[in-house]
Structures are given as C-alpha cells and as structure tokens.
Amino acid sequence: MDISRRFNTYIDIPEVDFWRTFCMEQGVLRHFEKGEDFATVGEVCRYVGFIKSGTLKYLAFSSDGCEHVVGMEFAGEFVADFPFSFYGTPSRVSITAQLPCDIYCVSVKVIAERMRDDRVLSDIIMHSTEAVFSTVYDRYMALYTRSANERYRDLINRHPDLFTLFSLKDIASFLNITPTHLSRLRKNL
C-alpha cells in the first residue's frame with residue numbers, strides 16, 4: 001500500500017520491523033475483549049503491543065466526562081501509550097478494544113530497563129517517537145486546514161471498511177464532527 005494511503009503512517013518506518021519481531025518473539029499473546037482497556041487514563045500503560053487481530057480506539061475525555069476518539073489501531077499495527085509509558089508517565093488516554101483483540105504484549109518495564117543500557121534500542125525508540133509524532137501532527141494540522149468533507153474522504157480512502165470496524169459515533173468523534181454531520185457527508189458521496 002502507498003504510504004500516502006495508510007491510516008497510521010508511522011507503520012512505514014524501518015523500525016516497525018524491529019518492533020513487530022520484538023513483540024512477537026519477546027511478548028506474551030494476550031486476549032482483550034470488546035470494551036476492555038489496554039491502557040487506562042491516569043495510569044501508566046503496562047505494555048507495548050503488536051496487534052495480531054482486532055481493533056482498538058484511543059479515547060480522551062473532556063472535563064464533562066464525554067469521550068472523544070483520538071486514534072484507532074488495526075491488526076498488523078501497534079498499540080502503546082508511546083513513549084510516555086517508558087518514562088512512567090500516566091496515560092492521558094484510555095486505549096480500549098473496539099473488537100476482541102489478540103495482542104503480543106511486551107512489558108514496558110522490560111523495555112525501559114533495556115533502553116537505559118542499549119543505545120540501539122534508545123535510537124529505535126527516538127525514531128519511533130518521531131514517526132508517531134508526525135502521524136499525530138498531520139492529523140492535528142488536518143483539523144485546521146481541511147474541511148470535514150475532505151477529512152472524511154481521506155479517512156475512507158485510507159480505510160474503506162472503517163464502518164464495519166467502528167461505530168458511526170466513533171468515526172464522527174475521530175473526525176471531530178457530529179454523527180448527524182457524518183451521516184450527511186456519507187449521503188453526499
């Protein structure tokens with residue numbers, strides 16, 4: 001798939017092969033039911049994971065308690081509160097299984113300890129952090145520079161089966177529009 005077409009563009013960096021192999025060889029395959037948290041807001045995330053199957057959503061909460069979908073992850077991608085968990089920082093989001101998931105999980109503590117003495121691993125984490133930042137920053141910029149219609153079209157072009165994996169409400173939240181507005185956009189395509 002062309003890099004411009006990927007949903008989570010961080011997946012195209014060379015370090016992804018390291019993380020995939022590391023998680024599959026060093027990790028424990030864990031199952032998460034729909035609605036179960038991989039990470040919980042206010043707590044330090046315990047794992048970095050490679051998603052064998054399923055989907056997850058990243059949820060931020062406004063002061064009134066409303067949840068907002070700020071990210072999505074799919075099979076063949078990674079899930080983590082990256083890089084904050086390596087430094088013992090409590091998560092600002094909850095990462096919740098949208099569908100049942102099987103995830104190869106590696107303890108953040110193991111990675112953090114190894115990172116202190118392994119310069120190569122530290123460099124991999126630095127490059128991975130830059131890639132995640134770039135993905136998030138591109139989405140942030142799109143909120144200010146692209147119309148809701150453009151963001152919707154881009155999202156669907158990148159992941160045509162999104163509505164089979166996530167609810168209309170979650171997709172609208174990710175696009176930062178109302179479900180009614182999203183329904184109108186869908187009708188007009």
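The paragraphs below lead through this predicted model, beginning with its confidence and moving on to its strands, a buried helix and its aromatic residues.

The mean pLDDT of the chain is 90, with 96% of the residues reaching 70 or more. Residues 1–5 call for more caution, since over that stretch the pLDDT is below 50, and beyond near neighbours in sequence the stretch has six contacts in the model.

A convenient place to enter the fold is strand β8, which spans residues 101–107. Five of its seven residues are buried, so β8 is largely enclosed by the rest of the structure. Strand β1 (residues 28–32) pairs with β8 in the antiparallel sense over five bridges, and within that pairing Phe-32 has Cys-101 as its bridge partner. Strand β3 also runs antiparallel to β8, joined to it by six bridges, among which Ser-53 is partnered with Asp-102.

Within β3, which covers residues 47–53, Val-48 deserves a closer look. Its relative accessibility is 4%, and because buried means under 20%, Val-48 counts as buried. Leaving aside residues up to four places away in sequence, Val-48 touches a set of residues that includes Trp-19, Cys-23, Phe-38, Phe-86, Tyr-104, Cys-105 and Ile-111. Phe-32, by contrast, is 16 residues from Val-48 along the chain, and the C-alpha atoms of the two are separated by 14 Å.

Another set of strands forms an open sheet of four, in the order β2-β7-β4-β5 and with antiparallel pairing. Strands β2 (37–39) and β5 stand at the edges with a single partner each, so one side of each is left without a neighbour in the sheet. From one strand to the next, the twist averages 35 degrees. Inside this sheet, β4 is joined to the antiparallel strand β7 (residues 94–97) by four bridges, and Leu-59 stands opposite Ser-94 in β7.

Helix α6 lies across β4 and β5, running at about 95 degrees to β5. Six of the eight residues of this helix (residues 168–175) are buried, so α6 is largely enclosed by the rest of the structure. The buried residues are Asp-170, Ile-171, Ala-172, Ser-173, Phe-174 and Leu-175, and they pack against strands β4 and β5 as well as against helices α3, α4, α5 and α7. Just after the helix comes Asn-176, whose phi is positive, near 65 degrees.

The aromatic residues offer a further way to read the model, in which the count of aromatic pairs comes to 13. In one of these pairs, the rings of Phe-74 and Phe-166 have their centres 5.8 Å apart and their planes at 80 degrees, so the pair is edge-to-face. Phe-74 lies in the loop between β5 and β6, whereas Phe-166 lies in the loop between α5 and α6, so the pair ties together parts that are 92 residues apart in sequence. Both Phe-74 and Phe-166 are buried.

Elsewhere, Phe-18, Trp-19, Phe-22, Phe-82 and Phe-86 form one aromatic cluster, and two members of that cluster, Trp-19 and Phe-86, are among the residues that Val-48 touches. Rings are also met by charged groups: the charged end of Arg-92 sits over the ring of Phe-84 at 4.7 Å from its centre, while Arg-186 lies over the face of Phe-163, at 3.7 Å from the ring centre.

Key: Residues numbered from 1 in each chain as written. Predicted model: local features only at pLDDT ≥ 70, side-chain atom pairs only at ≥ 80, totals over all residues. Heavy atoms only, no water. pLDDT = per-residue confidence, 0-100. Contact = heavy atoms within 4.5 Å. Buried < 20%, exposed > 50% of the residue type's maximum accessible area, 1.4 Å probe, protein only. Helix = DSSP H or I, 4+ residues; strand = E, 2+ residues; numbered from the N terminus. Phe/Tyr/Trp six-rings, centres within 6.5 Å; stacked < 30°, edge-to-face > 60°. Lys NZ or Arg CZ within 6 Å of the ring centre and 35° of its normal. Pairing = 2+ DSSP bridges. Axes fitted to C-alpha atoms, helices over the stretch in contact; angles between N-to-C directions.
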